Amino acid sequence: MYIVTAQQMRDLDQYTIEQLGIPAMSLMESAGKAIAEEVIAWCGGQQEEQADVPRGRALTNEGGIRSDERVIPDRSRQHWLVLVGKGNNGGDGLVAVRYLMDAGIAVTLLYAQDPQELTGHAAAQRDAAHRSGIAYRVWSEEWNLHAETEEGNKQESGINHTASGSKQAEHNQHPWSNYTGIIDALLGTGSKGEPREPYASIIRSANISGKPIIAADIPSGLNADTGEVAENCIQAQVTVCLAFLKQGLTQYPGATAAGEVVVRSIGIPRSTAKQAGLRAHLITDDVLRDVLQIDTSRARAIDGHKGTYGHVMVIGGSMKMSGAGLMASRSALRIGSGLVSWALPEQLMKHMVGHVPELMMIPASEDPDGQWKADTAQTIVEQTAKADVLAIGPGLGRFEDDNEWLRTLWEETQQPLVLDADGLNILSEAEGLSRWPRRQADTVLTPHPGEMARLAGVSTADIQRDRIGIARDFASKHGVVLVLKGARTIVASPQGDIFVNTTGHPGMATGGSGDVLTGVISGLMAQGLSGLQAAAFGVHLHGHAGEEAARKRTGNPASLLAGDIIESL
Ligand SMILES: NC(=O)C1=CN([C@@H]2O[C@H](COP(=O)(O)OP(=O)(O)OC[C@H]3O[C@@H](n4cnc5c(N)ncnc54)[C@H](O)[C@@H]3O)[C@@H](O)[C@H]2O)[C@H](O)CC1
Ligand SMILES: [K+]
């Protein structure tokens, strides 16, 4: 599934209209119809939940004649308020009301501004809606809801509300209380910056009203590119995203504001995205297979042997962080690497013997405290000769002249490399990435937002503000595959490709989870995948394993341990 920026969406829109000759009005018609269909489906789902009617009753099928006439029991109880902005997002809402009315759902338009201010296609849709007899209001102070009435609204939220108490009764006289749901068609991809008045007040009041909100294209107040939310941003139950998935819907906090995201086609051919050379995707099974050309079955050859599946060398672990190296090594084995060696301080090795019998260990540092020393660099380079992939960093710790140590490994090894944890922290120091030569082999960096901030020389908040943009720029600038971890992990390639992961579980926010990912990615690279393939497939599998591990635990998901993830790989 392609992911687009607002500008890319505008370009595709323009191409479709000007080059393919599909009229803009027909795109808007399809957009509004898709939004209405999702509202109808949502209302149907709610009714079914209440009436305990099985899902799937949306299409009538009588005597072999199928119709999209919806079966919503007791439609008369539905009354949706459609918030209309003055751009084309508002135009989509103006189309949707006609289809909702046709489905027997009562609708009222609430314009943010004088409807006469609408222009172009939106104005034409306004006229069609008004001629169809749809009632409308224009925003005024009487609609303003203030936070102090929020409590009353929380009690009131939902479709079947029964008022009780004087505060509630008073609140029910408020204009918002007449409606069962809200469509947000205020601002779409054409909005810039914080919503101005009266949009900000409308958004705030709609949120406070406690009514379910379905957003057209994006929640108003969301930055469609970065996922940042304005101080006043619609908090939707569902977002009906039009044509292509907008980048900002994939990243937090935007993903929370959007609720469930449904991407609906509006007649812009999918092939236009490929022709336009778009390179950002959500990681799905199709994308892994068709875009990244990965055999996701991970089938083993009948005549394969351990040498067929590669040899990972993990370089890390120290007395204070012994488990990190162990978990990375164990994960590399679990994901199917034929052989795994772990280079570690000799002192530590004595304690590790027997923990993972399948693992080979290389005593690399003679430091009596079980720490790494810079003079091990050459020995390690020699030892790596037999490995296919190197994984440097899990549990490594910091030590004197570690920058020189890492630079030697960086320059004098020819194998693909995965760099994590303190490996990244070493890299982010003065004598680091910007001054080091590019490696010929694939190099994958796997920072969490804090490590990314140190690598990029900005704050963690800066990173989180535009994760996709930062990952894309960094990977291109430094010629590395970058895995920016956190919910909705991003994989960026040196060529500008972006892959966004959706698998995972909040319980994975636990120590060691990153070490497991390092093992998974390096283990996949050992089996022949490129750095980009392994990173995208690795984050996907790692997330799935986390979900599976959480499912297996009977207690609170907060009890998930990184070791549980390994066992679910
Ligand atoms: N995918 C498509 O190609 C299609 C998209 N459609 C819908 O159109 C919007 C984009 O429409 P556009 O007219 O470009 O912009 P908006 O409706 O989002 O809003 C522009 C409108 O709002 C004013 N404005 C801008 N920033 C602010 C602000 N911070 N506060 C207040 N007002 C603001 C600006 O001056 C304009 O007047 C897309 O999202 C889809 O919903 C088509 O309907 C079908 C084809
Ligand atoms: K919107």
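A nonpolar core is a set of buried Ala, Val, Leu, Ile, Met, Phe, Trp, Tyr and Cys residues joined through side-chain atoms within 4.5 Å. This is a predicted model, and the tour starts at its largest such core.

**Stop 1: the largest core.** Select Ile315, Trp372, Trp405, Leu427, Leu445 and Leu482. Of the 55 residues in this core, these six touch the most other members. Now colour residues 467-478. This is helix H18, the top contributor to the core, with five residues. Next, colour domain 1 (3-270) and domain 2 (285-297 + 305-567). Both give residues to the core, so it lies between them.

**Stop 2: Trp405.** Centre on Trp405. Setting aside residues up to four places away in sequence, its contacts include Ile315, Trp372, Lys373 and Ala374. Thr376, Ala377, Ile392, Leu396 and Phe399 also touch Trp405.

**Stop 3: a second core.** Select Val314, Ala332, Ala534 and Ala549. They are among the 49 residues of a separate core.

**Stop 4: the potassium ion.** Select ligand 2, the potassium ion, and show its protein donors. Asn89 gives OD1, and Asp184 gives both O and OD. Leu187, Ala216 and Ile218 each give O. The donors lie 2.6 to 3.2 Å from the ion. Angles among the six donor atoms run from 67 to 149°, and the site is irregular. Along the sequence, the donor residues follow the spacing N-x94-D-x2-L-x28-A-x1-I.

**Stop 5: Asn89 and Leu187.** Stay at the ion and pick out these two donors. Asn89 sits in helix H3 (residues 88-102), and Leu187 in the loop between strand E7 (181-185) and helix H7 (199-209), so the pair ties together parts that are 98 residues apart in sequence. Are Asn89 and Leu187 buried or exposed? Both are buried.

How values were computed. Residues are numbered from 1 along each chain as its sequence is written. Chains are lettered from A and ligands numbered from 1 in the order in which they are written. This is a predicted model: local features need pLDDT of at least 70, side-chain atom pairs count only at pLDDT 80 or more; totals for chains, interfaces and linings use all residues. Side-chain values use heavy atoms; hydrogens and water are left out. Buried means under 20% relative accessible area, exposed over 50%, partly exposed in between (1.4 Å probe, protein chains only). Helices (H or I, at least four residues) and strands (E, at least two) are DSSP runs, numbered from the N terminus. Domain bounds come from an automatic or database domain assignment. Contact means heavy atoms within 4.5 Å. Donors are N, O and S atoms within 2.8 Å of the metal (3.2 Å for Na, K and Ca); water is not among the atoms, so sites may look incomplete. Four donors count as tetrahedral if all angles lie between 85 and 135 degrees; four count as square planar and six as octahedral if opposite donors are over 155 degrees apart and all others between 65 and 115; anything else is irregular.
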